[in-house]
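Student: I have a structure open and would like to go through it step by step. Could we begin once it is on the screen?

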Amino acid sequence: MRKLMYLLCFAIISCNNSTSQSDAETDESVTTFYFIRHAEKKTNQGSNPDLTAQGQQRANQWVNYFFLKDVDAVLSSDTNRTLQTATPLAKAKKLDTEIYDVSQVNGKSLLEQYRGKTVVLFGHSNTINKYANDLQQDQVYGELDDADFDHFFIVKVDDNGNSNAVKETMELEVD
């Protein structure tokens with residue numbers, strides 16, 4: 001009877017371990033992109049403005065959002081507003097901010113370069129939707145409104161190229 005109990009306990013533990021191992025293997029085979037618009041920008045500084053105080057607060061809020069999430073890469077276009085939005089998260093995750101060329105990047109090139117990783121890309125109201133659409137191979141998401149800093153996209157792609165995209169909201173928490 002005692003041997004039977006040991007065998008039963010061993011079988012239960014083995015089943016639980018094999019399930020969590022297969023879950024871990026599944027997670028490693030998924031590529032996750034967060035496509036985030038830069039935070040609020042100053043409107044009186046021409047074509048390459050800095051963030052406003054609210055924008056700086058939102059940039060810091062992204063650090064909180066990603067606190068318990070693994071991040072392998074933080075990408076930013078080369079504008080002041082995107083770099084200033086990306087920098088707090090990159091520093092918190094002890095990563096360099098990788099600069100990307102908006103005119104050269106698309107969903108396919110991002111997937112090829114970052115397959116199996118979790119990537120946070122800071123971009124613009126007229127680019128982040130395109131990356132999400134490219135990975136979904138459709139045109140579901142339009143450009144964000146010029147005043148919309150709350151919405152962002154999460155796209156997950158498995159090893160077979162199957163993708164799932166969602167449009168999420170993170171409202172600014174005012175102190």
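Student: In what sense do S5 and S6 pair, and over how many bridges?

Tutor: In this predicted model, S5 and S6 run antiparallel and are joined by seven bridges. Within that pairing, Phe-152 stands opposite Glu-168 in S6.

Student: How many residues lie between S5 and S6 in the hairpin?

Tutor: There are five residues between the two strands of the hairpin. Gly-161, in the turn, has a positive phi of about 90°.

Student: Which residues outside glycine have a positive phi, then? I would like to hear about Lys-94 and Gln-137.

Tutor: Lys-94 is not a glycine, yet its phi is positive, at about 55°. Lys-94 sits in the loop between helix H3 (80-92) and S3. Gln-137 likewise is a residue other than glycine with a positive phi, near 55°. Gln-137 belongs to the loop between H5 and S5, just after H5.

Student: Why mention that at all?

Tutor: Most residues other than glycine have a negative phi.

Student: Is Lys-94 buried or exposed? And Gln-137, buried or exposed?

Tutor: Lys-94 has a relative accessibility of 75%, so it counts as exposed. Gln-137 is exposed as well, with a relative accessible area of 73%.

Student: Back to the strands. What is the order of the strands in the sheet?

Tutor: The sheet is open and has six strands, in the order S3-S2-S4-S1-S5-S6, with mixed pairing. Strand S3 (97-99) and strand S6 (163-169) are at the edges with a single partner strand each, so one side of each has no neighbour in the sheet. From one strand to the next, the twist averages 20°.

Student: What packs on the sheet?

Tutor: Helix H2 (residues 53-65) does, and it touches S1, S4 and strand S5 (151-157). The direction of H2 makes about 35° with that of S5.

Student: How do S1 and S4 pair?

Tutor: Strand S1 (residues 31-37) and strand S4 (residues 118-123) are parallel, with six bridges between them. Ile-36 stands opposite Phe-122 in S4.

Student: What stands opposite Phe-122 from S2?

Tutor: Ser-76 stands opposite Phe-122 in S4. S2 and S4 run parallel and are joined by four bridges. Ser-76 also has a bridge partner in S3, namely Ile-99. S2 and S3 pair in the parallel sense, over three bridges.

Student: Which residues of S2 are buried?

Tutor: Strand S2 (residues 73-76) is covered on both faces. Ala-73 and Leu-75 are buried on one side, and Val-74 and Ser-76 are buried on the other.

Student: New topic: helices. At what angle do H4 and H5 cross?

Tutor: The axes of helix H4 (residues 107-114) and helix H5 (residues 128-136) cross at roughly 75° and come within 8 Å. An angle of 65 to 115 degrees counts as roughly perpendicular, so H4 is roughly perpendicular to H5.

Student: Which residues meet there?

Tutor: Gly-107, Leu-110 and Leu-111 in H4 meet Tyr-131, Asp-134 and Leu-135 in H5. The residues of this contact divide into four nonpolar, one polar and one charged.

Student: Which residues of H5 are buried, and what covers them?

Tutor: Ile-128, Asn-129, Tyr-131, Ala-132, Asn-133 and Leu-135 of H5 are buried. Their cover includes S1, H4, S4, S5 and S6.

Student: What about Ser-125, buried or exposed?

Tutor: Ser-125 is in the loop between S4 and H5. The cut-off for buried is under 20% relative accessible area, and Ser-125, at 13% relative accessibility, counts as buried. Leaving aside residues up to four places away in sequence, Ser-125 touches Arg-37, Glu-143 and Leu-144.

Student: What does the chain look like overall, and where is pLDDT under 50?

Tutor: The protein chain has five helices and six strands, following the pattern α-β-α-β-α-β-α-β-α-β-β along the sequence. Of its 175 residues, 38% count as buried. The average pLDDT is 88, and 83% of the residues score at least 70. Over residues 2-26, however, pLDDT stays under 50, and the model has zero contacts for them beyond four places in sequence.

Technical notes: Residues numbered from 1 in each chain as written. Predicted model: local features only at pLDDT ≥ 70, side-chain atom pairs only at ≥ 80, totals over all residues. Heavy atoms only, no water. Pairing = 2+ DSSP bridges. Axes fitted to C-alpha atoms, helices over the stretch in contact; angles between N-to-C directions. Contact = heavy atoms within 4.5 Å. pLDDT = per-residue confidence, 0-100. Parallel < 35°, antiparallel > 145°, perpendicular 65-115°, else oblique. Nonpolar A, V, L, I, M, F, W, Y, C, P; charged D, E, K, R; others polar. Buried < 20%, exposed > 50% of the residue type's maximum accessible area, 1.4 Å probe, protein only.
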